[in-house]
Amino acid sequence: MNADWVPPGGAGPAPAGTRIMGVLNVTPDSFSDGGRYFEVGKAIEHGLSLARAGADIIDVGGESTRPGAARVEEDEELRRVVPVVRELAEQGLVISVDTMRVRVAEAALEAGAAIINDVSAGQAEAGMLGLAAQAQAPIVLMHWRGHSAGMQQRAVYQDVVAEVLAELRQRVQAAVDAGVAESQIILDPGIGFAKTAEHNWRLLAAQEALAGLGYKVLIAASRKRFLRTLVSPSAPDEAAEPELDQATAALTAFAVARGAWAVRVHDPRSSRIAADVAVALAAHAPADVPLRLEEE
């Protein structure tokens, strides 16, 4: 299925083309909302509410990738993900499956998912790139240096922007070698994955360099630790979700103005408004103001 497709009657992408991807964690231990939507019925209800709030894509994941998280068994991940994907797809929503496992991605595609979102960029299981090629499915390739249990030990860079770009180029080449069409590749700089707060800020500020690789860009920074530290320096773990969503919306406006293909967020409504503001400003900007929005 084409990643540009939007269900009839849905809100559709922002006029600039940036999609809002809503986060649906069907997990008991995700860093922000783990456990809230662990039961299948609640997960389906939340997926529908994300769409009503302005999400163009619902990103369904059954395994937490927060720092330090242990891996879930494959059969359990399947149990969590597939019924939710099937029901939401039958409701006409565009679904991405957030998984590092080939079997889970394949089952989700069969259940109606349109996009594979692999935070390991095909490194956790080599068959993922071949599956994307065979299914002709868009695939998100995220910058990744290892599983959650030990990834923060790998947050060592001389030049974080240059090194992340170089490592993403390697994953793009691996995907192309596996038969994935370049038009189906989406790049994610991996905010929060083997990154310090300083690394995250540098990568976000350098979004245009990432876009310069020539592929669609997904920005996934919603409610992450570096934002918690920003809005509540003395007690990051006590940062209020409304404040985190305001910070996320500010990043959404920045990402839209720099041509992001999508932003992955927990609160679609605030990011939808922020995207619309960025688009309205760009539409009224003088010709010499360097705001670049994705062409549809």
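A salt bridge is taken here as a side-chain nitrogen of Lys or Arg within 4 Å of a carboxyl oxygen of Asp or Glu. By this rule the count comes to 15 salt bridges in the structure, which is a predicted model.

## Barrel and strand pairing

The strands provide the frame for what follows. In this model, 8 strands close into a barrel in the order 1-2-3-4-5-6-7-8, and their pairing is parallel. Neighbouring strands of this sheet are turned by 25° against each other on average, with direction ignored. Strands of a sheet pair through backbone hydrogen bonds, in either the parallel or the antiparallel sense.

Strand 1 (19–25) is joined to strand 8 by 4 bridges, the two running parallel, and it pairs with strand 2 (residues 57–61) over 5 bridges, also in the parallel sense. Glycine 22 takes part on both sides of strand 1, with valine 265 as its bridge partner in strand 8 and isoleucine 58 standing opposite in strand 2. Arginine 19, in turn, stands opposite alanine 262 in strand 8.

Strand 8 (262–265) is also joined to strand 7 (residues 216–219), by 2 bridges and again in parallel; here isoleucine 219 has valine 263 as its bridge partner in strand 8. Elsewhere in the barrel, strand 5 (residues 139–142) and strand 6 (residues 185–188) pair in the parallel sense over 4 bridges, and methionine 142 stands opposite aspartate 188 in strand 6.

## Burial of strands 1 and 8

In a regular strand the side chains alternate between the two faces of the sheet. For strand 1, 7 of its 7 residues are buried: Arg19, Met21, Val23 and Asn25 lie on one side, and Ile20, Gly22 and Leu24 on the other. Strand 8 is likewise covered on both faces, with Ala262 and Arg264 buried on one side and Val263 and Val265 buried on the other.

## Salt bridges

Side chains of opposite charge can pair when their charged atoms come close. Three of the pairs are set out below, with the distance given between the closest N and O atoms.

| Pair | N to O distance |
|---|---|
| Arginine 264 and aspartate 98 | 3.3 Å |
| Arginine 145 and glutamate 167 | 2.7 Å |
| Arginine 225 and aspartate 237 | 2.3 Å |

The salt bridge between arginine 264 and aspartate 98 links distant parts of the chain, since arginine 264 belongs to strand 8 and aspartate 98 to strand 3 (residues 94–98), 166 residues apart. Both arginine 264 and aspartate 98 are buried, and together with Asp59 they are linked in a network of salt bridges.

The side chains of arginine 145 and glutamate 167 also meet in a salt bridge. Arginine 145 lies in the loop between strand 5 and helix 5 and glutamate 167 in helix 5, so this pair ties together parts that are 22 residues apart in sequence. Glutamate 167 has a relative accessible area of 22% and is therefore partly exposed.

In the salt bridge of arginine 225 with aspartate 237, arginine 225 lies in helix 8 (residues 225–231) and aspartate 237 in the loop between helix 8 and helix 9 (241–257), 12 residues apart. Arginine 225, at 46% relative accessibility, counts as partly exposed, whereas aspartate 237, at 60%, counts as exposed.

## Helix 10 and its nonpolar patch

Helix 10 (residues 268–283) lies across strand 1 and strand 8, running at about 165° to strand 1. Leucine 281 lies in this helix and is exposed, because its relative accessible area of 56% is over the 50% taken as the limit for that class. Ile273, Val277 and Leu281 form a nonpolar patch on the surface, with about 270 Å² of accessible area together.

## The loop before strand 6

Glutamine 184 is placed in the loop between helix 5 (160–177) and strand 6. Its relative accessibility is 18%, and glutamine 184 therefore counts as buried, since that class takes in values under 20%. Leaving aside its neighbours within four places in sequence, glutamine 184 is in contact with Gln136, Ala137, Pro138 and Ile139.

Definitions and conventions:
Residues are numbered from 1 along each chain as its sequence is written. This is a predicted model: local features need pLDDT of at least 70, side-chain atom pairs count only at pLDDT 80 or more; totals for chains, interfaces and linings use all residues. Side-chain values use heavy atoms; hydrogens and water are left out. Two strands pair if DSSP finds at least two bridges between them. Axes are lines fitted to C-alpha atoms, for helices over the stretch in contact, and angles run from 0 to 180 degrees between N-to-C directions. Contact means heavy atoms within 4.5 Å. Patches are made of residues with over 30% relative accessible area and no salt bridge: like charges are joined within 9 Å, nonpolar side chains (Val, Leu, Ile, Met, Phe, Trp, Tyr) within 5 Å. Accessible areas come from the Shrake-Rupley method with a 1.4 Å probe; for residues, only the protein chains shown count as cover. Buried means under 20% relative accessible area, exposed over 50%, partly exposed in between (1.4 Å probe, protein chains only).
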